[in-house]
Amino acid sequence: MEEKKVRVRYAPSPTGYLHIGGARSALFNYLYAKKYHGDFVFRIEDTDIERNIEGAEAEQLHDLIWLGIIPDESTEKPNPKYAPYRQSEKLELYRKYAQELIDKGYAYECYCTKEELEEMKVQQLSSGVKSFKYDRRCLNLTEEEKLIYKKEGRVPSIRLKMPSNHVLKFHDLVRGDVSFNSDDIGDFVIMKSNGIPTYNFAVVVDDHIMEITHVLRGEEHLSNTPKQLQIYEYFGWEPPQFGHMTIIINPNGKKLSKRDLNIVQFVSQYRKLGYLPEAIFNFLCLLGYTDQAGKELFDKDYIFETFDPSRLSTSPSMFDNKKLLWINSQYIKAMDNEKYFSFIFPYIDEIDSLKDIDLNRKQEIALMFKNELNYGEEIVSLLKDILIKKDELNEEEKIILEKETSPKVIALFKQKLELLNEVNEEAVKNIFNEIKKETGLKGKDIYMPIRISLTGVMHGIEMYNIIDILGKEETLKRL
RNA sequence: GGUCCGUUGGAGAAGUGGCUUAACUCAUUGCCCUCUCAAGGCAACAUUCACGGGUUCGAAUCCCGUACGGACUACCA
């Protein structure tokens with residue numbers, strides 16, 4: 001058999017921003033393409049006109065590229081051979097194929113109204129029927145009957161005629177052999193009465209036309225697969241190989257939903273918070289996949305090389321924000337300084353008093369926090385902790401300040417600092433050493449009173465850095 | 001209810017019949033470092049792989065059943 005070039009795709013509907021789940025689907029398809037030197041296609045499934053959102057398509061593509069998941073072909077970079085890349089632009093094609101199925105006797109017009117279908121459903125359910133299936137009342141409509149319906153103003157949808165007792169099986173890239181029986185699947189709609197194809201029909205046509213060879217998608221699509229396979233069979237087309245990845249669950253064990261407000265789950269939100277694309281990319285690789293060598297921190301080239309779809313997991317993975325945070329902090333630490341500066345400056349600029357300081361100064365301050373940060377925006381609150389002194393002290397802090405030696409230490413420090421011509425790290429260290437000698441105190445007893453009188457809190461970055469950030473004048477004022 | 005999928009620690013998981021005293025990572029806890037927090041270093045954390053049977057000399061690994069969890073069950077994608 002001739003080796004076909006691997007072609008995979010990510011095909012979102014433009015109903016919102018790129019979220020974690022979508023990004024993960026895209027990512028694994030992308031990895032598959034990279035591993036097997038194939039093409040990764042970004043295409044749009046916009047058949048639900050009601051839910052389409054202006055600008056969502058561009059946002060999704062933009063976020064994807066930001067993450068480093070770069071399509072070889074997309075709505076913005078189409079290959080004429082496969083264009084168009086939006087379903088809404090090839091409605092005629094779907095109609096043509098649907099008609100072909102009707103002509104072959106594999107599909108039929110259905111004139112049922114929404115109300116009738118609803119009623120059918122209620123009736124079936126109440127009469128103890130196990131699962132709802134369309135009762136095929138329009139299967140053998142005569143031309144006369146159709147005419148009557150049409151005169152009533154009814155516009156038909158088109159349903160696929162499922163064969164009876166037909167086993168639809170396939171080898172799932174991640175789950176192994178899976179099979180369904182056509183008897184459990186009702187005649188589903190392939191063309192809505194508004195002339196727009198349904199998802200299950202449109203993907204088949206698209207995947208076939210675009211010569212998609214492999215489809216990695218979420219487990220929620222598993223039960224759609226037999227429907228799609230039946231369509232492939234009717235057309236005599238070769239279906240792609242499917243692989244159904246685990247769903248991502250929230251801490252309650254439920255599928256991550258876009259409405260889940262407890263979890264930040266849009267890529268753009270992470271970008272704004274100061275997560276690095278490489279870190280998210282890495283994290284996403286860990287969601288339902290493990291590296292053979294057990295590595296968890298790796299760069300793209302490594303995963304491109306080693307990716308093995310058979311290692312995709314079959315049990316759901318929980319979205320662990322703490323792990324993302326940790327991975328992100330690792331990537332921040334590993335950044336080279338130039339990159340780090342351009343990453344972190346926008347956050348520093350959020351603080352008015354630091355916005356216009358000179359470059360060297362800003363770099364110095366930025367570096368004080370490089371090992372401290374889990375995500376970019378965190379620097380804002382860390383800096384504010386220093387710049388804005390907390391006014392209410394808690395018990396522990398009060399006790400330290402009220403200790404009999406504390407006022408003396410603070411006074412001594414203030415006095416020595418005032419005499420300093422140039423405040424640099426060494427000079428400040430010397431002051432602490434002198435105080436140590438003169439008072440016989442050490443460690444906590446010296447540092448804490450000063451720390452608390454400067455910032456109001458017992459924790460934070462190194463003392464010298466705090467003094468450095470505040471400046472001599474402000475430091476003296478606070479003592 | 002039906003169909004399909006899953007079940008190893010707080011979380012992600014490795015494990016494909018003997019090399020498992022169940023790897024590795026996050027989290028948690030303790031210790032070291034240290035003025036503090038963080039970072040970093042070290043260590044602890046599953047007598048056991050949902051449960052019950054079976055196959056086998058031997059099972060987390062294979063088979064059956066039960067329980068539990070999830071996805072789907074739209075003229076949404």
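Which exposed residues does the face of helix 18 turned away from its buried side carry? The legends below start from the whole chain and then come to this helix.

**View 1. Domain layout of chain A in the predicted model.** The assignment splits chain A into domain 1 (7–75 + 248–318), domain 2 (90–245), domain 3 (336–385) and domain 4 (395–478). The centres of domain 1 and domain 4, taken over C-alpha atoms, lie 49 Å apart.

**View 2. Helix 18, residues 425–439.** From first C-alpha to last, the 15 residues of helix 18 reach 21 Å, close to the 21 Å expected at 1.5 Å a residue. Just after helix 18 comes Gly440, with a positive phi of about 75°.

**View 3. The two faces of helix 18.** Val428, Ile431 and Ile435 are the buried residues of helix 18. They lie on the same side of helix 18 because they cover an arc of only 50° around the axis. An α-helix has 3.6 residues a turn, so residues three or four places apart point the same way. Helix 17 (406–419), helix 19 (444–455) and helix 20 (463–478) are included in what covers the buried residues of helix 18. The face turned away from the buried side carries Glu425, Glu426, Lys429, Asn433 and Lys437, which are exposed.

**View 4. The surroundings of Met210.** Met210 sits in the loop between helix 6 (199–209) and strand 8 (214–218). Met210 counts as buried because it has 21 C-beta neighbours inside 10 Å. Leaving out residues up to four places away in sequence, Met210 touches Arg7, Arg9, Val41, Arg43 and Tyr82. Glu92 is 118 residues from Met210 in sequence and 16 Å from Met210 in space, C-alpha to C-alpha.

Terms used:
Residues are numbered from 1 along each chain as its sequence is written. Chains are lettered from A and ligands numbered from 1 in the order in which they are written. This is a predicted model: local features need pLDDT of at least 70, side-chain atom pairs count only at pLDDT 80 or more; totals for chains, interfaces and linings use all residues. Domain bounds come from an automatic or database domain assignment. Helices (H or I, at least four residues) and strands (E, at least two) are DSSP runs, numbered from the N terminus. The expected span of a helix is 1.5 Å times one less than its number of residues. A residue is buried if 20 or more other C-beta atoms lie within 10 Å of its own, exposed if 12 or fewer, and partly exposed in between; C-beta atoms are placed from the backbone. The arc is that of the directions from the helix axis to the C-beta atoms. Two residues are in contact if their C-beta atoms, placed from the backbone, lie within 7 Å.
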